[in-house]
2 protein chains.
Amino acid sequence: MSRGVSRITLQDVAREAGVSLATADRVLNGRAGVRGATADRVKDAVARLGYRPNLAAARLARGETYRFCFVLPAGANVFMRMLAEQVANTANWLATNNAYIDTLRVDVFAPETLASALEGLIGRYDGVAVVALDHPRVRAAIDDLTASGIAVVTLVSDVPSSHRLHYVGIDNIAAGRTAGTLIGRFAAGRRGAVGLIVGTPALRDHAERQFGFTQVLAGEYPALKVLAAQESLDEDERTEAIASRLLREAPDLVGLYNVGAGNRGIAAAISAANRASDLIFIGHDLTEDTSRFLLRGVMDAVINQDAGHQSRSAARVLLSHCAGEPLLSEQERIRIDIFLRDNLP
Amino acid sequence: MSRGVSRITLQDVAREAGVSLATADRVLNGRAGVRGATADRVKDAVARLGYRPNLAAARLARGETYRFCFVLPAGANVFMRMLAEQVANTANWLATNNAYIDTLRVDVFAPETLASALEGLIGRYDGVAVVALDHPRVRAAIDDLTASGIAVVTLVSDVPSSHRLHYVGIDNIAAGRTAGTLIGRFAAGRRGAVGLIVGTPALRDHAERQFGFTQVLAGEYPALKVLAAQESLDEDERTEAIASRLLREAPDLVGLYNVGAGNRGIAAAISAANRASDLIFIGHDLTEDTSRFLLRGVMDAVINQDAGHQSRSAARVLLSHCAGEPLLSEQERIRIDIFLRDNLP
DNA sequence: CGTTTTCTGATGTCCGAACCTCAGAATGAA
DNA sequence: TTCATTCTGAGGTTCGGACATCAGAAAACG
């Protein structure tokens, strides 16, 4: 509200350095035609006065518009639906910041499709966020985008070997380990089998979670035996069938870890078998379903990666990269959330 | 980068509505002198075109500077030190957004001091964030600030009965319940005593955590008996003495829950008694110490409220309130984080 | 019908930085 | 010393909106 406290402007810096506004501007924007000694005087003045350029004014003057494309999986997976929703919110926010988001939904399981979709984005966008499949064709497409000057961030699932600018998502090995520790500790001394259900090992995030999980259980909870991983393709019917069979065939089943989606099917199977109270069930992604399952005691913990955070983080990374603004990388780390019945949001 | 995609400006809205720029401006800024029918035409045009005012331009034009004061406890408590540090970071960020933060450190345990410090802020700031003590004098001071047009948010510890604009912090009852469930489940069937250490019951957040914790243990884990709460004043020496005594005098001690600070003292006592591996120890606030204790297995879980999030959230709430901008309240909820050894950031 | 009163349009300035041009100063080389 | 190169200063324009002023149009009123 106050108009009293006046900011330090470039004018002030120029005066302090004993140069003109134009020169100060040249130094700060790296334009040619300033002697080293003069540039140093300006930089000194910036430091002395603690000058911070006014972001609002800079963006306005630049008058640029940034176009981003978010490439999301086509499937009807709950988490991906939530992510798409959050991307829409983010778009809304970006609209007040000279940036626009288009969303493109493609079949993630088809590397060729994904790769050519990505390549079709060249020249039409300034930045791309993609839920990527770790496949050579996709990696090549990402590198092509990067080479043509488009900023690429991977979202949720990474392609570490590519030239992507940034990965926005959790460490999935750590997430799997977290699930392992929770099951191990909740089982506390009990002996028996633990079921493991994955969507598909072709997805890097699923494979990593599985790895982290089995690593912890094998290493630290020898009383618990991890059964062979079952593929669910993230479908409720299949997870239900798998869970039912496990409950039937493994009488010593102590816990279940679902690496992917399809928790509803598992919950149904557990309820049907009347095992809600003693079977430990841990899964991923906080949704209406899973929070209900937590409250009812069917699920014991949910490991979550916040869709809203990821969407906003991707947008911030792209925006600040394109606008050449600094980024607080520490703020952009996506955390592995653990939700119990008691700390639901 | 692209200059092609042009934003929708107020100009466009005015043209679409068939009015002049001045009239469109009057409608959007609620200035008098526009007939209802005309105003509706403008609003329709806004909706049709999906006009979103350019925040950067608006702030620039307004040319206002906002002054905020963060009132933090004077003590050397680790969490509060981290919070102060994050407030400094936030100040840095705000400086590029026409806003300035001063930090004021006062003795929280003295309601009179806190209240008069708050009242001294009247007229000098546009917004105040305060780690508040829930006391009538403090509540009155907050209400005075609010009445004189200053936006007040409570930080970390709330004063629910006051007219504060917003509370930035976690639900501490839920945090206590979370600790209770973790201890209950990690103890899994064991029978015995659980020690409870609080900084001081005078702090609302400590009292609430204690309440949530005992509620869960009493209700759901009857095999675990919660011992009488011990006051530590958040000091390492006292927590160490308390923990040592509990370890000595309660041979059936299964777990320890520290509601406040001073985890270092407890860790020392546990290590000295050689009980790291079997005693369950849960505390609050992720610091260098506590994450080390997690890794070493001395602590079993840390419940955290992110200092950076809270500081930034408070700043965003104050800024958007003062600038009359909309707020995504869903984004401003502070979560109760659970950290195990495996999901440390 | 004329006269108030109430609207509306036209126009301008300002915010702080980005980016541009051009004239003149300082510097270097010949 | 002269001429060609750098530098540097001065000035302007632009971005999109906030806010102000004033003249003229339209509506309300007696």
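Helices here are DSSP runs of H or I with at least four residues, strands are E runs of at least two, and both are numbered from the N terminus. Residues are numbered from 1 along each chain as its sequence is written, and chains are lettered from A and ligands numbered from 1 in the order in which they are written. This is a predicted model, where local features need pLDDT of at least 70, side-chain atom pairs count only at pLDDT 80 or more, and totals for chains, interfaces and linings use all residues, while side-chain values use heavy atoms, with hydrogens and water left out.

**Stop 1: a loop residue in chain A**

Select A:Asn274. This residue sits in the loop between α11 (263-272) and β10 of chain A. Its phi is positive, about 60 degrees, although A:Asn274 is not a glycine. Is A:Asn274 buried or exposed? A:Asn274 is exposed, at a relative accessible area of 67%. The cut-offs are under 20% relative accessible area for buried, over 50% for exposed, and partly exposed in between, with a 1.4 Å probe and protein chains only.

Now select A:Val156. Here too phi is positive, about 70 degrees, in a residue that is not a glycine. A:Val156 belongs to the loop between β4 (151-155) and β5 (166-168) of chain A. A:Val156 is buried, with a relative accessible area of 2%.

**Stop 2: helix α11 of chain B**

Move to chain B and select residues 263-272, helix α11. Buried residues there are B:Asn263, B:Gly265, B:Ile266, B:Ala267, B:Ala269 and B:Ile270. What do the buried residues of α11(B) pack against? They pack against β6 (192-198), α10 (236-249), β9 (253-258), β10 (280-284) and α12 (288-296) of chain B. B:Asn274 follows α11(B), and its phi is positive, near 60 degrees.

**Stop 3: strand β9 of chain A**

Go back to chain A and select residues 253-258, strand β9. Of its 6 residues, 6 are buried, so β9(A) is largely enclosed by the rest of the structure.

Two strands pair if DSSP finds at least two bridges between them. Show strand β6 (residues 192-198) of chain A: 5 bridges join it to β9(A), and the two run parallel. A:Val194 stands opposite A:Gly255 of β9(A). Then show strand β10 (residues 280-284) of chain A, which pairs with β9(A) in the parallel sense over 3 bridges. A:Leu256 has A:Phe281 in β10(A) as its bridge partner.

**Stop 4: the nonpolar core**

A nonpolar core is a set of buried Ala, Val, Leu, Ile, Met, Phe, Trp, Tyr and Cys residues joined through side-chain atoms within 4.5 Å. The largest one has 109 residues. Which residues have the most contacts inside it? They are A:Phe68, A:Phe70 and B:Phe68.

Select A:Phe68 and show its surroundings. Contact means heavy atoms within 4.5 Å. Leaving aside neighbours within four places in sequence, its contacts include A:Leu94, A:Tyr100, A:Ile101, A:Tyr125, A:Leu318 and A:Cys322.

**Stop 5: A:Glu325**

A:Glu325 lies in the loop between α13 (307-322) and β12 (337-339) of chain A. A:Glu325 counts as buried, at 14% relative accessibility. Beyond neighbours within four places in sequence, A:Glu325 is in contact with A:Leu55, A:Arg59, A:Arg62 and A:Ser320.

**Stop 6: DNA strand D**

Show the residues near DNA strand D, meaning those with a heavy atom within 4 Å of it. There are 25, and the closest are A:Thr23, A:Arg26, A:Arg35, A:Thr38 and B:Tyr51. Sugar or phosphate accounts for 65% of the strand D atoms within 4 Å of the protein, and bases for the rest.

Next, look for polar contacts to the DNA (pairs of N or O atoms within 3.5 Å):

- A backbone N or O atom of A:Ser20 is 2.8 Å from a phosphate oxygen of strand D.
- A polar side-chain atom of A:Thr23 is 2.6 Å from a phosphate oxygen of strand D.
- A side-chain N or O atom of B:Asn29 is 3.2 Å from a phosphate oxygen of strand D.

**Stop 7: DNA strand C**

Switch to DNA strand C. Of the 26 residues around it, B:Ser20, B:Thr23, B:Arg26, B:Arg35 and B:Thr38 come nearest. Which element gives the largest share of this surface? α4(A) does, with 4 residues.

Select A:Tyr51: a side-chain N or O atom lies 2.9 Å from a phosphate oxygen of strand C. For a base, select A:Ala57, where a backbone N or O atom lies 3.3 Å from a base nitrogen of strand C.

Conventions: Polar contact = N/O pair within 3.5 Å; in protein donor to acceptor, adjacent residues only side chain to side chain.
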